[in-house]
Amino acid sequence: MKIEELEADRTWLAFDPMRQLRPHLTSTGFVRLVNEVQRPEGYRLIASWDGELGRVASALGFRQVTSLASGRHLAVDDLTTILVARGRGHATRLLAWADREARRLGCEHIQLGVDTHRHEAHRLALRTGYAISTFGLTRRL
């Protein structure tokens, strides 16, 4: 298992895991959104390679953010693993990578956004030391 940051020219490699989480995106739309909108806003993309599969099995997308409520922190917006590679430790290792990066950047903590219906993701987060500290409320416009 190898973990590496994907630069803009390799964003497409994370599409397979990301479409598990964001099925509304096409490959082209995903690459365009990440590279043209999110990266300029500070978004970074980390990939975990599965040696058996020979491809990216898991991806983590995050930003460094400073807010009045939370101070300087890493905001993990996306964390996902392809179905055939779940349970192999990819997401756990990506979270450990994010922890090291947050410390390197001088962040106070990490905020991991997980949709309410993703119960496996909740279990992983709680098992790896995350706590439910806030409730994010959304209003569609």
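What follows is a chat in which a biologist asks how the terms used for this predicted model are justified.

Modeller: Ground rules before you start: this is a predicted model, where local features need pLDDT of at least 70 and side-chain atom pairs count only at pLDDT 80 or more, while totals for chains, interfaces and linings use all residues. Residues are numbered from 1 along each chain as its sequence is written, and side-chain values use heavy atoms, with hydrogens and water left out.

Biologist: Fine. How many helices and strands does the protein chain have, and how do you know what counts as one?

Modeller: Helices (H or I, at least four residues) and strands (E, at least two) are DSSP runs, numbered from the N terminus. On that basis the protein chain has four helices and five strands. Read along the sequence, they come as β-α-α-β-β-β-α-β-α.

Biologist: What makes the protein chain as compact as a globular protein of that length?

Modeller: The radius of gyration is taken over C-alpha atoms, and the globule rule is 2.2 Å times the number of residues to the power 0.38. For 141 residues the rule gives 14 Å, and the protein chain has 15 Å, which is close, so it is as compact as a globular protein of that length. The C-alpha trace spans about 40 × 35 × 35 Å along its principal axes.

Biologist: Why is Phe-30 called buried?

Modeller: Buried means under 20% relative accessible area, exposed over 50%, partly exposed in between (1.4 Å probe, protein chains only). Phe-30 has a relative accessible area of 4%, so Phe-30 is buried. You'll find Phe-30 in helix α2, residues 27-38. Trp-12 is 18 residues from Phe-30 in sequence and 7.7 Å away in space, C-alpha to C-alpha.

Biologist: And Glu-120, buried or exposed?

Modeller: Glu-120 comes out at 53% relative accessibility, so Glu-120 counts as exposed. Glu-120 sits in helix α4. Its C-alpha is 29 Å from that of Asn-35, and the two residues are 85 apart along the chain. Over the protein chain, 40% of the 141 residues count as buried.

Biologist: How do you know which strands pair, and in what order do the five strands of the sheet come?

Modeller: Two strands pair if DSSP finds at least two bridges between them. The result is an open sheet in the order β1-β2-β3-β4-β5, with mixed pairing. The twist averages 30 degrees from one strand to the next; axes are lines fitted to C-alpha atoms, for helices over the stretch in contact, and angles run from 0 to 180 degrees between N-to-C directions.

Biologist: What makes β1 and β5 edge strands?

Modeller: Each of them pairs on one side only. β1 (residues 2-6) pairs with β2 in the antiparallel sense over five bridges, with Lys-2 opposite Trp-49. At the other edge, four bridges join β4 to β5, and these two run parallel. Leu-74 stands opposite Ile-110 there, and His-73 has His-109 as its bridge partner.

Biologist: What about the strands in between?

Modeller: β2 and β3 (residues 55-67) run antiparallel over seven bridges, including Asp-50 with Arg-55 and Ser-48 with Ser-58. Their hairpin has four residues between the strands, and Gly-54 takes a positive phi near 70 degrees in it. β3 and β4 are antiparallel too, joined by 10 bridges, and they form a hairpin with three residues between them.

Biologist: What makes β2 mostly covered?

Modeller: Seven of its seven residues, 44-50, are buried. That covers both faces: Leu-45, Ala-47 and Trp-49 on one, and Arg-44, Ile-46, Ser-48 and Asp-50 on the other. β5 has a covered face, Ile-110 and Leu-112, and an uncovered one, His-109 and Gln-111.

Biologist: Last one: what makes something a pocket, and what volume has the largest pocket?

Modeller: On a 1 Å grid over the protein atoms alone, a pocket is an open set of points with protein on both sides within 12 Å along at least five of seven lines, and lining residues have an atom within 4 Å of a point. Grid points are joined across faces, edges and corners, and a volume is the space filled by probe spheres set on the points. The largest pocket has about 1600 Å³. It has 48 lining residues, and the closest to its centre are Leu-112, Gly-113, Val-114, His-122 and Ala-125. Helix α4 gives the largest share of the lining, nine residues.

Conventions: 1 Å grid on protein atoms, 1.4 Å probe; cavity = no way out; pocket = protein on both sides within 12 Å on 5 of 7 lines; lining within 4 Å.
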